[in-house]
Amino acid sequence: MKNDSQKIIAFQGMPGAYSDLACRTTRPEMDTLPCRSFEDTFAALRDGHAALAMIPIENSIAGRVADIHHLMPNSGLHIIGEHFQPIDHHLLAIEGAHLSDITHVHSHIHALNQCRKFIAEQGIEPVVSVDTAGAAQQIAKRGDKTQAVIASELAGEINGLVSLKAGIEDDDHNTTRFLIMSRDAIVPHPKAGPCLTSFIFRVRNVPAALFKAMGGFATNGVNMTKLESYMAGHQFVAAQFYADIEGHPEHRNVRLAMEELAFFTREVKILGTYPAHPYRLQNTNDTRD
């Protein structure tokens, strides 16, 4: 691995994880840095061991990734891009194994759930592991032809496993959205093209506060693509919201909407303004067609 941290992108997981694949897809010129936890990934970026971090935020089937919304606001880091990674699950096993040999398949609970039909059709026993890439490493070490793993093709290449079958996921639209984060904000020019702005906020403790806070986006024609709530602190009386909107803070309609939002909230913090990924634009056009 290169010593220059400017050529390193960090991710949570082991080599061959889907986050690793996302890193290599978007930044093929950089080396990837595996980290034990999301906290370690943020720390690697914050402490200068990496220039970027690839963070999964949601999956089209499994939903949002736990903990990320709690970690991002206080990380001191900035969102500078997004990436949509199609999830192509492979059934991997040691060299010489055949599909008929497999009795057990190991993987992360989400990967197993996303391949239920295939597992049931093959009559094999699912075994839950901590993550997909870690399971691939263990299967490679065991050298047992009856044991397989569901993971990425990259995990198979790294661990010397062969793919017995590709595309075994139940839904072909299985996609994970990642956020690319940096220590410094990199804000595109307001006229550079379609972009998104991500932010968090807390509403004031008054009746219909959220409804009133959201009104400014409707009246100013700002499309909100994501709005999620989660508990703030250790009490059940306050909720914090995470939102993605289309547009740039310097666009007049976005500026007016954010001003109205601030009137009904106790805290608004922009996490980043960044270019919209082509996948998002393509799917928007498909929906409108």
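Helices (H or I, at least four residues) and strands (E, at least two) are taken here as DSSP runs, numbered from the N terminus. With that convention, Pro-73 of this predicted model falls in the loop that links helix H3 (68–71) to strand S5 (78–86). This loop residue makes a good starting point for a tour of the fold. Pro-73 has a relative accessible area of 6%, and it counts as buried because that value is under 20%. Its partners, leaving out residues up to four places away in sequence, are Ile-68, Ile-200, Tyr-230, Gln-240, Lys-269 and Leu-271. One of these, Leu-271, is 198 residues from Pro-73 in sequence, yet the two C-alpha atoms are 7.2 Å apart in space.

Stepping back to the whole chain, the secondary structure comprises 10 helices and 15 strands. The radius of gyration is 21 Å, close to the 19 Å expected from the globule rule for 289 residues, so the chain is as compact as a globular protein of that length. Measured out along the principal axes, the C-alpha trace covers about 65 × 45 × 45 Å. Of the 289 residues, 47% are buried. Contacts across long stretches of sequence are well represented: among contacts with a separation of 6 or more, 74% join residues 24 or more positions apart.

The surface and the charges can be described in the same overall way. About 14300 Å² of the protein chain is exposed, and carbon and sulfur atoms supply 51% of that area. There are 26 positive and 33 negative side chains, and the centres of these two sets are 7 Å apart. The structure holds 0 disulfides. As for individual cysteines, Cys-115 is buried, with a relative accessible area of 0%, and Cys-195 is also classed as buried, at 6%.

Attention now turns to strand S9 (residues 147–151), which includes Ala-148. Ala-148 is buried, its relative accessibility being 0%. Beyond its neighbours up to four places away in sequence, Ala-148 touches Leu-91, Leu-92, Ala-93, Ile-102, His-104, Val-105, His-106 and Ile-139. The pairing with Leu-91 spans 57 residues in sequence, with a C-alpha to C-alpha distance of 6.5 Å.

A further pair of sites sits where strand S8 (125–129) gives way to helix H6. Asp-131 belongs to the loop between these two elements, while Thr-132 lies in H6 itself (residues 132–142). How do these sequence neighbours compare in exposure, and which is buried or partly exposed? Thr-132 is buried, at a relative accessible area of 10%, whereas Asp-131 counts as partly exposed, at 21%.

The contacts of these two residues can be set side by side. With neighbours within four places in sequence left aside, Asp-131 is in contact with Met-14 and His-108. On the same basis, Thr-132 is in contact with Ala-17, Tyr-18, Ser-107, His-108, Ala-111, Val-149, Ile-150 and Ala-151. His-108 thus appears in both lists. Ser-107, a contact of Thr-132, is also 6.1 Å from Asp-131, C-alpha to C-alpha, although Ser-107 and Asp-131 are 24 residues apart in sequence.

Key. Residues numbered from 1 in each chain as written. Predicted model: local features only at pLDDT ≥ 70, side-chain atom pairs only at ≥ 80, totals over all residues. Heavy atoms only, no water. Rg over C-alpha atoms; globule rule 2.2 N^0.38 Å. Buried < 20%, exposed > 50% of the residue type's maximum accessible area, 1.4 Å probe, protein only. Contact = heavy atoms within 4.5 Å. Areas by Shrake-Rupley, 256 points an atom, 1.4 Å probe, with all protein chains shown as cover. Lys, Arg positive; Asp, Glu negative; His and termini not counted. Charge placed at Lys NZ, Arg CZ, Asp CG, Glu CD. Disulfide = S-S within 2.5 Å.
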